[in-house]
Amino acid sequence: MPYSAAINDEQVEVLITDVLEQYGYDFTGYSRASLKRRLLRLFGLDKQVSFAEFRYKIGNDSTYFKRFVEQITVNVTEMFRDPAFYKALREKVLPKLGTYPFIRIWLAGCSTGEEVYSMAIVLKELNLLHKSLIYATDINPTVLEKAAQGMFPLSQMKQYSENYIASGGTKDFSSYYSANYSLAKFDNELKTKMIFSTHNLVSDHSFNEFQLILCRNVLIYFDRDLQFKVLQLFDNSLENLGYLALGTKETTDFSPISKRYKRLETEKIWRKLSDENL
Amino acid sequence: MKTCKALIIGGSAGSLDVLFKVLPALRIDIPFPIIIVLHRKQGTDSLLSGLLSSKTALIVKEIEEKENILSGTIYVVPSDYHLLIEKDLTFSLDYSEKVNYSRPSIDVTFQSAAEIYSDDLVCLLLSGSNADGVNGLITVKNYGGETAVQDPVTAQVEYMPAQAILRANVDRVLKIEEIADYINLLG
């Protein structure tokens with residue numbers, strides 16, 4: 001099968017080095033199995049014929065490099081993904097944060113924004129949106145442009161509505177958007193408390209202090225060392241008694257920050273302990 | 001005896017019953033990991049691991065990402081993630097696009113494992129209603145691994161193993177009662 005022969009392990013490393021040197025994007029800490037699979041997928045999708053040409057195009061065509069970043073990173077997401085998680089946010093986490101005068105939330109690796117709008121809906125229903133600010137970041141500017149538009153395929157709305165109801169939502173989900181041809185355009189009111197910005201978890205620093213950080217299904221693409229580094233970044237960006245939420249298969253266990261965090265029973269949500277509780 | 005450093009079993013509709021029959025008959029000193037990729041509904045993970053665990057004395061566990069792959073353990077791929085294998089013999093999970101309308105996709109894991117284990121890999125495809133796994137078996141063969149399928153005649157849904165026989169030039173076609181013996185003789 002050409003599938004496995006098109007790019008070998010050494011060539012993967014060559015591309016990682018090229019991209020770091022020419023564009024400053026650092027993929028060295030990415031899990032190689034996923035990364036190689038994404039590279040082969042892009043190679044096939046774009047009907048590339050040789051590694052040499054593929055490498056040349058990535059290194060010398062900045063428009064193609066944009067596509068490269070977009071395709072190498074995984075941007076699959078949905079609204080109210082893992083409804084039980086959103087139920088825990090709605091019932092356990094956000095009511096606690098609701099006692100604060102102001103709530104700062106960081107959604108790291110927000111991709112096309114489905115989770116950002118989900119979060120805004122929950123905040124609105126808890127009557128907390130007016131005093132919240134959601135910082136939504138991603139490595140990839142193209143997906144952020146989509147996220148800022150707040151338009152998602154109408155064909156997905158049935159699934160999202162089911163997720164929303166399973167997460168404890170009681171409104172008519174369709175009241176949050178208007179149908180616009182094949183797209184569902186979400187209410188502008190939801191957007192008023194969102195700030196979209198590029199941020200590279202590998203190379204960029206902490207930029208604020210938050211009460212809640214969500215980063216779901218991003219760490220799975222990183223090796224253990226990079227995972228620990230990013231968890232440290234989150235720790236530096238989280239207030240005492242703030243919450244950190246990861247994907248269903250991700251964990252703070254084994255990392256140096258784990259001793260400062262206590263997990264909420266069933267979901268992948270951890271609370272940062274205050275100094276006197278350590 | 002075929003050298004085996006990992007056995008991967010893929011299945012879809014109708015494959016759970018087969019596993020219920022096979023697992024109790026496996027020897028408990030299996031010298032390689034067994035990785036099970038099953039199509040199923042989201043959010044039924046602990047249920048599935050529990051059910052399988054009740055059928056064998058071997059350790060059955062749902063995969064954690066970046067976990068070391070150990071011999072003598074049965075690993076279940078979590079629902080809604082693809083499973084990939086790293087060169088250092090750890091697991092990676094992946095939430096990218098579905099393949100063959102499936103996540104986990106059997107093709108994805110077969111192909112990833114083929115690169116890592118090459119001719120020390122054995123892959124077995126059970127009952128199912130789509131062709132996920134068939135391309136993976138072809139890759140496994142290309143890397144020198146061994147491929148086996150459940151005899152379609154004994155499958156609740158014959159499409160998946162039948163497609164494999166048609167397209168992947170499989171090494172072995174096994175009736176349900178032959179599967180455990182086959183696995184027990186791998187080493």
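Colleague: What separates the centres of domain 1 and domain 2 of chain A?

Modeller: In this predicted model, the two centres, taken over C-alpha atoms, lie 29 Å apart. The domain assignment places domain 1 of chain A at residues 2-72 and domain 2 of chain A at residues 83-277.

Colleague: How many residues does each domain of chain A give to the contact?

Modeller: Domain 1 of chain A contributes 10 residues and domain 2 of chain A contributes 11 residues. Between them the two domains bury about 1,000 Å², with 52% of that area on carbon and sulfur atoms.

Colleague: Which three residues supply more than any other three of the area that domain 1 of chain A buries there?

Modeller: They are Gly29(A), Tyr30(A) and Glu70(A), which together account for 43% of the area that domain 1 of chain A buries against domain 2 of chain A.

Colleague: And how many salt bridges or polar contacts are there between these domains of chain A?

Modeller: The rule finds zero salt bridges across the interface of domain 1 and domain 2 of chain A. Polar contact is counted for three residue pairs, both residues being at pLDDT 80 or more. On the side of domain 1 of chain A that touches domain 2, helix 5 (residues 62-72) of chain A provides the largest share, with three residues. By class, that side of domain 1 has three nonpolar, four polar and three charged residues.

Colleague: Turning to the two chains, how many residues of chain A and chain B are in contact?

Modeller: Contact involves 28 residues of chain A and 27 residues of chain B. The area buried between chain A and chain B is about 2,300 Å², and carbon and sulfur atoms give 45% of this.

Colleague: Why quote an area at all?

Modeller: The accessible area lost when parts come together is often used to give the size of an interface.

Colleague: How many salt bridges cross from chain A to chain B?

Modeller: The rule finds six across the interface of chain A and chain B. One pair is Arg38(A) with Glu97(B), whose side chains meet at 2.9 Å, N to O. The interface also has 16 residue pairs in polar contact, again with both residues at pLDDT 80 or more.

Colleague: Which helices of chain A supply at least two residues each to the side that touches chain B?

Modeller: Helix 1 (2-5), helix 3 (32-45) and helix 11 (224-236) of chain A each do so. Helix 3 of chain A gives the most, with eight residues. The classes on this side of chain A are 10 nonpolar, seven polar and 11 charged residues.

Colleague: What is the salt-bridge count over all chains?

Modeller: By this rule the count is 28. Among the salt bridges is the one between the side chains of Lys87(B) and Asp9(A), at 3.0 Å, N to O. Lys87(B) sits in the loop between strand 5 (82-85) and strand 6 (91-94) of chain B, while Asp9(A) belongs to helix 2 (residues 9-23) of chain A, so this pair joins two chains.

Colleague: Where does UniProt place the "active site" feature in chain B?

Modeller: An unreviewed UniProt entry places it at Ser12(B), His39(B) and Asp132(B). These positions are spread over 121 residues of sequence but cluster in space, the largest C-alpha distance being 9.6 Å. Ser12(B) is in the loop between strand 1 (6-11) and helix 1 (16-22) of chain B.

Colleague: Some backbone geometry to finish: what kind of peptide bond joins Arg103(B) and Pro104(B)?

Modeller: The bond is cis, with omega about 5°. Pro104(B) is located in the loop between strand 6 and helix 3 (106-117) of chain B.

Colleague: And what is phi of Tyr181(A)?

Modeller: Phi of Tyr181(A) is near 50°, which is a positive value in a residue other than glycine. Tyr181(A) is in the loop between strand 4 (177-180) and strand 5 (183-186) of chain A.

Note on methods
Residues are numbered from 1 along each chain as its sequence is written. Chains are lettered from A and ligands numbered from 1 in the order in which they are written. This is a predicted model: local features need pLDDT of at least 70, side-chain atom pairs count only at pLDDT 80 or more; totals for chains, interfaces and linings use all residues. Side-chain values use heavy atoms; hydrogens and water are left out. Contact means heavy atoms within 4.5 Å. Buried area is the accessible area (1.4 Å probe) that two parts lose on being put together, summed over both. A salt bridge is a side-chain nitrogen of Lys or Arg within 4 Å of a carboxyl oxygen of Asp or Glu. A polar contact is a pair of N or O atoms within 3.5 Å; within protein, one must be able to donate a hydrogen and the other to accept it, and residues adjacent in sequence count only if both atoms are side-chain atoms. Helices (H or I, at least four residues) and strands (E, at least two) are DSSP runs, numbered from the N terminus. Ala, Val, Leu, Ile, Met, Phe, Trp, Tyr, Cys and Pro count as nonpolar, Asp, Glu, Lys and Arg as charged, and the others, Gly among them, as polar. Domain bounds come from an automatic or database domain assignment. UniProt positions are given in the numbering used here, feature names are shortened, and annotations may be inferred rather than shown by experiment.
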